[in-house]
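Okay, thanks everyone for squeezing in. Let me put the model up on the screen and then we can get going.

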Amino acid sequence: MDKHVSETVTDFILNGDHVSATPIAGERLSETLRERLGARDVKIGCNAGDCGACTVLVDGDPVCACLMPAQQAAGRSVETLRGLAREDEITKRLSESFQNLGAAQCGICTPGMMTAAVALLRNTDGPNEEQVQDALGGVLCRCTGYRKIIDAVVAAGQAEVPMQAEGHAGESIRRLDGLGKVQGTEAFGDDVAPAGTLEVVVIRSPFPRAGFTFGDLDVFGKTAGVEAVLTAADVPGRNVFGVIPAFMDQPVFAEEEARFRGEAVAAVVATPEYARDFDPATFPVTWDERAAAQDVHAAMAPEAAQLHEGRDGNVMCGGFVQCGDARAAIAEADVTVEGSFRSGFVEHGYIEPEAGFAELVNGRVEIRACTQAPVMDLDSMEIILGIPRDQIRIIPTGVGGGFGSKLDISVQPYLALGALKTGKPVRICYSRTESMQSTTKRHPSDITLKIGATKDGKIMGFDFFGYFNTGAYASWGPTVANRVPVHASGPYQITDYRAESKGIHTNCPPSGAFRGFGVPQSAIAQESLFDELADKLGIDRLEFRINNALENNMPTVCGQVFEQGVGIKPCFEALRTAWDDERTAAETFNSNNDTLKRGVGIAGGWYGCGNTSLPNPSTIKSGIRTDGTVVLHQGAMDIGQGANTVISQIFATALGVPVAQLEIIGADTDVTPDAGKTSASRQTYVSGSASRLSGEAMRAQILARVNASEEAALTIGNGQIKVTDQGTEHVIDLSTLTADNEGYVLRAEETYDPPTKPLDENGQGIPYAQFGYAAHLVVVEVDTKLGTVKPLKFVAAHDVGKAINPMLVEGQVQGGIAQGLGMALMEEYLPGRTENLHDYLIPTIGDMPPVETHIIEEPDAHGPYGAKGLGEHVLIPTAPAILNAIKDASGVRLTQVPTTPSRVRAAIKDKNNGN
Ligand code: FES
Ligand code: FES
């Protein structure tokens with residue numbers, strides 16, 4: 001068809017202005033808005049009506065712009081967040097309450113959420129929680145757990161929320177980067193490329209294992225609209241990447257054989273017009289499907305093909321921790337319990353698919369993409385491109401959620417290779433399906449565990465073995481294999497312990513980092529069996545845990561002894577009232593209901609912050625300019641968790657100035673030192689410590705200049721620093737100081753690396769400088785006829801050492817619980833079957849009950865102002881608490897997650913002899 005025939009001039013009103021566009025027939029309104037009219041505040045999470053990120057108002061009604069043909073907007077009024085934020089009073093109130101309550105974390109869902117909320121608030125004064133849930137039910141958020149969004153919308157209809165504004169450690173200030181999120185101006189991975197930029201389309205294997213041969217790529221490359229074709233032959237450096245140097249094994253483009261469905265074999269760089277209509281199935285490649293092993297047992301079978309040389313039996317690696325003699329202790333124990341537990345792939349499900357833009361600037365390659373680890377990206381690109389490191393610049397965009405998966409590179413090599421081969425700027429944005437097919441997942445697990453105890457309830461022997469399906473490539477598999485045996489005990493004192501893990505390669509997508517690195521899986525086994533053990537002993541389940549909980553000066557299973565900072569007991573104690581009250585309430589409910597049964601579950605968890613027994617330094621730089629501007633080079637990636645705010649609060653506290661005074665320079669490999677990766681709950685602790693050191697060093701320089709005491713107060717600005725010390729005021733005239741090549745007259749760059757020691761062959765040593773602790777309680781309602789499970793309430797206690805920003809702590813807890821809920825009840829990625837957000841379910845606003853958060857502050861000697869990490873801890877106890885609550889409600893012990901209604905119903909029928 002002649003392209004011009006299918007184009008129609010479409011006039012409508014966009015945010016109050018008359019606009020005219022010429023979309024082609026059937027073009028999505030979202031595309032017209034984003035690509036023709038520059039409304040990049042309209043976000044795309046799925047292009048299928050599943051996520052609601054693209055919600056706009058059309059004649060006042062919320063509409064998924066990805067489902068509406070642009071021509072249907074003709075003559076109508078379209079409003080998006082950017083326009084609403086400028087003019088609309090309701091939106092202004094809403095943006096205040098979103099910021100005051102911390103309702104935007106990564107912010108990628110925020111335009112859709114706020115737009116849907118505006119439609120509600122225009123028609124409903126002071127909506128209640130249920131009305132908000134109804135109105136926002138079509139918009140998914142993966143970060144917040146929705147509770148703060150509900151609160152923010154309710155508050156916007158009723159009252160403003162007062163805020164403190166000091167900004168130092170311990171204060172619940174607004175996010176420093178929040179305004180761009182609530183006004184739709186923050187630029188994410190797909191928001192930076194100019195319209196019309198060449199696009200990269202990746203050709204992927206449709207089979208879990210297949211050989212392949214290309215047809216005539218030269219002929220294909222001459223197709224009108226195609227600018228370049230990329231294959232392994234176009235990789236100038238090494239065709240390999242990976243996050244752990246000793247395990248780098250993943251090719252940018254597969255060679256000869258693809259090892260998982262969705263693996264890249266080639267890419268096409270083309271004009272947007274060509275890319276739009278291009279069907280990757282027409283690419284000249286012939287596939288030879290081969291027998292694939294998709295679970296660990298099939299992969300270990302003698303007939304299974306070996307995925308990687310030197311990894312016999314497809315065993316990637318293993319982990320091991322042992323103290324005492326677990327098996328002998330179990331043999332002597334008064335009671336024992338044992339069980340097998342399984343979990344499937346869990347998809348990160350961030351609302352922002354991987355996306356980015358690259359161009360050549362003065363001969364250097366600049367890559368702008370969403371990432372959790374810019375310097376690791378640089379490391380990888382140096383290897384892949386085979387050019388000097390200083391010829392590459394990584395400038396992260398906003399990150400619309402990561403949760404571990406954006407630690408690995410994804411789009412970066414395709415962008416860089418495309419820009420280098422064509423010499424032109426290029427962009428890429430994964431479709432939801434290719435994001436799900438090709439990026440890392442939570443490791444499926446297959447765990448057996450046996451535990452013994454004395455009759456008075458002391459653990460006596462713990463014997464754990466876990467297989468972890470690491471997929472086709474190693475990614476963070478070795479980290480999972482090593483971390484699990486260290487953590488599988490949970491935060492308990494166990495003197496006779498044995499834990500072994502093995503990571504097994506399969507023809508599945510690579511498993512990688514996902515909040516907890518395998519610990520949520522092992523916690524399911526351990527905390528489920530703790531309930532079984534307590535029940536067998538006739539001991540209260542909470543008391544059983546408290547009786548076995550670690551305390552200061554008790555050795556962990558790695559022989560590590562903390563003299564301070566062990567906060568698990570206070571976490572459990574914080575649940576005691578709810579534990580008593582909720583069980584009484586559930587008993588009353590159950591005595592009046594036959595089909596619906598309520599139960600209460602608890603579980604504990606711990607997590608070592610930072611790398612396991614490996615260096616993981618962070619460096620934070622600060623400077624003061626001649627005019628008195630205080631600049632913080634803050635390179636810790638904020639993926640929604642709040643690093644921009646928390647690390648700045650720590651710095652401001654250390655220097656002794658208001659946080660609002662800081663100018664923040666974010667991650668950029670040209671100008672910001674390496675603050676390490678945003679991973680393993682390390683940023684508040686490790687980068688926070690570096691930030692504190694930088695602030696203290698800067699303060700010390702200033703005080704030394706005027707010989708002032710530690711107690712002196714600083715006022716910085718207007719070209720001077722006033723130092724007020726015991727009633728005397730000293731003034732440093734900054735214009736008298738010499739500026740360095742960055743314009744700083746004073747500077748302080750400091751590095752912090754957690755003190756750890758290697759583990760020996762029995763896993764004994766000092767794996768982490770600090771652990772954080774957590775305990776969750778959940779009330780669930782089980783429909784015993786349908787098998788459905790509805791969480792009604794969570795109570796979560798978290799020992800964070802020191803809450804640098806309590807509001808952000810609460811947000812992390814709620815968001816983590818939502819992800820733990822999803823893992824427990826609904827989420828399972830099945831290659832070829834659940835590759836979109838329609839078939840792969842994540843919790844919606846209607847799935848999340850209220851969360852009562854107890855912040856426990858058991859200070860840690862290493863953490864900045866006592867702070868501990870939190871990001872991973874927040875979901876570790878959630879799934880086992882839910883499984884324990886299901887058992888409490890229905891009497892059935894589920895040992896496989898997700899506990900879908902069919903699995904729950906089948907277990908109940910089994911127990912009731914078929915009823
Ligand atoms: S992008 Fe439109 S609903 Fe997801
Ligand atoms: S804040 Fe909602 S998806 Fe990140």
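I'll go through aromatic pairs, then salt bridges, then one lone acid.

Quick housekeeping: this is a predicted model, so local features need pLDDT of at least 70 and side-chain atom pairs count only at pLDDT 80 or more, while totals for chains, interfaces and linings use all residues. Residues are numbered from 1 along each chain as its sequence is written, chains are lettered from A and ligands numbered from 1 in the order in which they are written, and side-chain values use heavy atoms, leaving out hydrogens and water.

Aromatics, then. Rings of Phe, Tyr and Trp (six-membered ring for Trp) pair if their centres lie within 6.5 Å; planes under 30 degrees apart are stacked, over 60 edge-to-face, the rest tilted. That gives 20 aromatic pairs. Take Phe 220 and Phe 278: centres 6.0 Å apart, planes at 50°, so that one is tilted. Phe 220 sits in helix α8 and Phe 278 in the loop between α9 and β11, so the pair ties together parts 58 residues apart in sequence. Helices (H or I, at least four residues) and strands (E, at least two) are DSSP runs, numbered from the N terminus. Phe 220 also pairs with Phe 283, with centres 5.1 Å apart and planes at 75°, so here we have edge-to-face. Both Phe 220 and Phe 283 are buried, meaning under 20% relative accessible area, with exposed over 50% and partly exposed in between (1.4 Å probe, protein chains only). These three Phe residues belong to one aromatic cluster that also includes Trp 287.

On to charges. A salt bridge needs a side-chain nitrogen of Lys or Arg within 4 Å of a carboxyl oxygen of Asp or Glu, and the structure holds 64 of them. In one, Asp 234 meets Lys 421 at 2.7 Å, N to O. Asp 234 is in the loop between β8 and β9 and Lys 421 in helix α13, so this pair ties together parts 187 residues apart. Glu 347 and Lys 441 form another, at 2.8 Å, and both of those residues are buried.

So what about Asp 783, in strand β31? Asp 783 is buried yet has no salt bridge; Arg 905, the nearest side chain of opposite charge, is 7.5 Å away. For that, Lys and Arg count as positive and Asp and Glu as negative, with His and the chain ends not counted. A polar atom of the Asp 783 side chain does lie 3.0 Å from the backbone nitrogen of Leu 786.

That's my tour, thanks.

Key:
A polar contact is a pair of N or O atoms within 3.5 Å; within protein, one must be able to donate a hydrogen and the other to accept it, and residues adjacent in sequence count only if both atoms are side-chain atoms.
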